[in-house]
Amino acid sequence: MAIEPTTNRDIAAAEKGEGLAPTTKHNESATRGESSDEKPAQGGLPDSDGDVASVQRGLEPPDFIKGLSAEQREHLERKLKRKIDTRLLPAIIVMYILNYIDRNNIAAAKLAGLEKDLNLSSVEYSTAVSILFVGYLLMQIPSNLLLNKLGKPALYLPTCMILWGIISAVTAACTNSAGLLANRFFLGFVEAAYFPGCLYYLSCWYTRKELGFRTAVLYSGALISGAFSGLLSAGVTYGMDGTRGISAWQWLFIIEGVITVGVAIGAYFVLPNFPRTTTWLTEEERILAVWRLEEDVGQDDWVNSAQQTFWQGARLAFTDPKTYVLTVLVFCISASGTVTNFFPAVVSTLGYDRVPSLLLTAPPYVLAVIVTYANASHADKTGERYWHVAGPMFVAIVAYIIAATTSHIAPRYLAMMLMVPSVYSGFVVALAWISNTMPRPPAKRAAALALINAVANTSSIYASYLYPNSAAPQYTLAMIVNCVTAVIAVVAATVLRVILVRLNKKLERGVFVEGAINSVPGGGINAFRFKI
């Protein structure tokens, strides 16, 4: 039997609760175009817990999977995940490190003389920071839908990276405010493809219980970049200012832009596409990779570009109320963390010289990597999401209160050490919660991830004006705003948890739930539940 693509009629019927069987049956005989009406081996009893759940939902495992014992399945799955992790994660981490550096190196460039050389006022500098996020906002949803439609992340993401690397390097040629503003807008426009694209990319390879830690691994790129950027900036500022008649801030943009382009070229040869279209997996590994995702939620993931429509995915995302609760949650966490866009400037208010101030930006990010990994790993291990988001935000609230109410160096640096790890560790689990809450269809997940991330980044537009030079050293208003948004994030997480608990109770009773993976007639118990 040939694999039939999901039609718009099928999806519409599923949304209305009509009992449609799964649109595909992934078995080897289907791949060969043969009949596939053989019954499961061993009297119809699957060999693994995952297969039990899939049968309960009316899914038929591939012949290759049915022939495996539980131990064999576990061994092959561990081997597959190691293979995917080794090929995928290091590449996207390095790419995201450079994405984040190229986006935020303007803060280090300010300390290296950018503001003085271009004769920028405090407002002009703030506008240069914020305008990047205007371009970033405009392109995220179209970019993610295009990536989903093309199905070629191994080509799409590195190409975007080459473009933003070139734009970043060209920043060194800016001589006035107008040129800097134009450069930053187009940098944001192109960089918008990467982070939401990677969130969607990971959700096409990993199951819901694996996604939290992998999202943390991806986001560690931002944290590592915070530490690495400070060290690199300190070295360039100290050793290259005036070399060949070029200022330190110009060298920063040139060096980092050239590195970005070089890494992007290498990424063409490393990144995979999607499980069905990745050539370095064996046929058995492709079958297992696809089945893991279908088994996880009871419905197939990305099959081919013909099934992926721009407007269908956008419509499903925009009409799901959970999208808006998640948007408030992620926006408020992101708003609470906008201090990181100006972290070198905030740290410099401790009163140290330029180079020591840049070096002091590194420890909070190093701690953030450790805390974020630990929080995301525990969230995946337990399957719990709410407290792994709300808990860190409570710590962030305390950090902002300390920062806003004291002028002493030690407690202020303690607050800086707390605010970065707490915000980032909660943010990473919240990002994974999006894919957990909107698992299928892929076009909807891609649109939701892009929409939520785009709205979240609008906080960086207004936040640029909360950190003028005149507000130093405590930046009281900024810290109050960050504290308030952290409180709202906790409220939004609480609301989302209440909604998902109610929906899970409906699923337990067999009631149709819009946006969930519902059971099919005769499929028995529906094993799908939202992560809470």
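User: Before we start, what does contact mean here?
Analyst: Happy to begin there! This is a predicted model, and two residues are in contact when they have heavy atoms within 4.5 Å.

User: Leaving aside neighbours within four places in sequence, which residues is Lys152 in contact with?
Analyst: Let's first find Lys152 in the chain: its place is the loop between α7 (122-150) and α8 (153-170). Setting aside the neighbours within four places in sequence, the contacts of Lys152 are Leu147 and Asn273.

User: How far apart are the C-alpha atoms of Lys152 and Asn273?
Analyst: Along the chain, Lys152 and Asn273 are 121 residues apart. In space, their C-alpha atoms are separated by 5.4 Å.

User: Is Lys152 buried, partly exposed or exposed?
Analyst: Buried means under 20% relative accessible area and exposed means over 50%, with partly exposed in between. Lys152 has a relative accessibility of 40%, so this residue counts as partly exposed.

User: And Thr406, is that residue buried or exposed?
Analyst: Thr406 also has its place in a loop, the one between α19 (386-405) and α20 (409-437). Beyond neighbours within four places in sequence, Thr406 is in contact with Pro411, Arg412 and Gln474. Its relative accessible area is 13%, so Thr406 is buried.

User: Which helix gives the largest share of the largest nonpolar core?
Analyst: That core has 159 residues, and Ile92 and Leu329 touch the most other members. The largest share is 18 residues, and they come from helix α5 (residues 70-111).

User: Which tryptophan does Leu329 touch?
Analyst: We leave out residues up to four places away in sequence. Leu329 then touches several residues, among them Val389, Ala430, Leu496 and the one you want, Trp433.

Definitions and conventions. Residues numbered from 1 in each chain as written. Predicted model: local features only at pLDDT ≥ 70, side-chain atom pairs only at ≥ 80, totals over all residues. Heavy atoms only, no water. Core = buried A, V, L, I, M, F, W, Y, C linked by side-chain atoms within 4.5 Å. Buried < 20%, exposed > 50% of the residue type's maximum accessible area, 1.4 Å probe, protein only. Helix = DSSP H or I, 4+ residues; strand = E, 2+ residues; numbered from the N terminus.
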